Amino acid sequence: KDYKFSDGTSKPKYFLVFREYENGQLLLMSLPTSIRKLPIDIPDDHGCVSTENGVICTYIIHTNNSICENGFKFPKMTYLIAEQVAAANIAILSATYTAGDYELKGKVTRKEFNSIIQCVIKSRNLKGKFKNLLNEIQ
């Protein structure tokens, strides 16, 4: 089933969960994208791209890099944009989707997960509360 955005549109999306919080009521998550939103002079190397001032902060996942314990690789170049890390209400997700509506692709390796977190918390545009929550799970 396609992911339903708050504006009513929907499309197939990958979903990366960082953690639950607020007594299991909310998820800290990200919806990575295959759309490149980086300046042309930044190469598509796997890993963190961030500027010193934290304005640009994106984790690039290359198509030929396995990021999960089961060997899963994204079929396209994938970009996890730090400022798009968000909270999702678990009750709303549960009411919207059933177990048959989504497919678990894999569990991100601890090394990759930590690299993603270390990258995302560099962002100047990431909410302080989210940075604190991410720092707690490293």
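**Entry 1: the sheet with strand 4**

I began with strand 4 and strand 8, which pair in the antiparallel sense over 4 bridges. One of the facing pairs I noted there is Leu27, which stands opposite Ala88 in strand 8. A reminder to myself before going on: this is a predicted model.

Next I turned to the other neighbour of strand 4. Strand 3 and strand 4 (residues 26-30) also pair in the antiparallel sense, over 5 bridges. Here I looked up two positions: Tyr21 stands opposite Leu26 in strand 4, and Glu20 stands opposite Leu27. Leu27 therefore turns up twice in my notes, facing Glu20 and Ala88.

I then checked the connection in the hairpin of strand 3 and strand 4. There are 4 residues between the strands, and Glu22 takes a positive phi near 55°.

Putting the pairings together, I get an open, antiparallel sheet of 3 strands in the order 3-4-8. Which strands stand at the edges? They are strand 3 (16-21) and strand 8 (86-89); each has a single partner strand, so one side of each is left without a neighbour in the sheet. Neighbouring strands are turned by 35° against each other on average, direction ignored.

What packs on this sheet? I found helix 3 (residues 128-136), which touches strand 3, strand 4 and strand 8. The direction of helix 3 makes about 95° with that of strand 3. I also looked at burial in strand 4: 4 of its 5 residues are buried, so strand 4 is largely enclosed by the rest of the structure.

**Entry 2: the sheet with strand 6**

I moved on to another set of 3 strands, which form an open antiparallel sheet in the order 5-6-7. Strand 5 (47-50) and strand 7 (78-81) are the edge strands, each pairing on one side only. The average turn between neighbouring strands in this sheet is 25°, direction ignored.

For the pairing itself I looked up strand 6 (residues 57-61) and strand 7, which are antiparallel over 4 bridges. Thr58 has Ile81 in strand 7 as its bridge partner. I then followed helix 2 (residues 110-120): it lies across strand 5, strand 6 and strand 7, and runs at about 155° to strand 6.

**Entry 3: the cysteines**

How many disulfides are there? I count 1 disulfide. It joins Cys48 to Cys119, with the sulfurs 2.2 Å apart. The torsion about the S-S bond is about 75°, so this disulfide is right-handed. The link spans distant parts of the chain, with Cys48 in strand 5 and Cys119 in helix 2, 71 residues apart.

Are the two partners buried or exposed? Cys48 is partly exposed, at a relative accessible area of 34%, whereas Cys119 counts as buried, at 1%.

Cys57 caught my eye next: it is in no disulfide, and the nearest cysteine sulfur, that of Cys119, is 4.1 Å away. The cut-off for a disulfide is 2.5 Å, which is why I leave this pair out. Cys57 is buried, with a relative accessible area of 4%. Cys68 is in no disulfide either; its nearest cysteine sulfur is again that of Cys119, 17 Å away. Cys68 is buried too, at 6%.

**Entry 4: the aromatic rings**

My search of the whole structure for aromatic pairs gave 7. I wrote down two that involve Tyr3. Tyr3 and Phe15 form a tilted pair, 6.0 Å centre to centre with 50° between the planes. Tyr3 lies in strand 1 (residues 3-4) and Phe15 in the loop between strand 2 (10-11) and strand 3, so the pair ties together parts 12 residues apart in sequence. Tyr3 is buried, with a relative accessible area of 16%, while Phe15 is partly exposed, at 33%.

The rings of Tyr3 and Tyr97 have their centres 6.3 Å apart and their planes at 15°, so I log that pair as stacked. Tyr97 sits in the loop between helix 1 (90-96) and helix 2, so this pair ties strand 1 to a part 94 residues away in sequence. Tyr97 is buried, as is Tyr3.

Which residues make up the aromatic cluster around these pairs? I end the page with its members: Tyr3, Phe5, Phe15 and Tyr97 form one cluster.

Note on methods
Residues numbered from 1 in each chain as written. Predicted model: local features only at pLDDT ≥ 70, side-chain atom pairs only at ≥ 80, totals over all residues. Heavy atoms only, no water. Pairing = 2+ DSSP bridges. Axes fitted to C-alpha atoms, helices over the stretch in contact; angles between N-to-C directions. Contact = heavy atoms within 4.5 Å. Buried < 20%, exposed > 50% of the residue type's maximum accessible area, 1.4 Å probe, protein only. Phe/Tyr/Trp six-rings, centres within 6.5 Å; stacked < 30°, edge-to-face > 60°.
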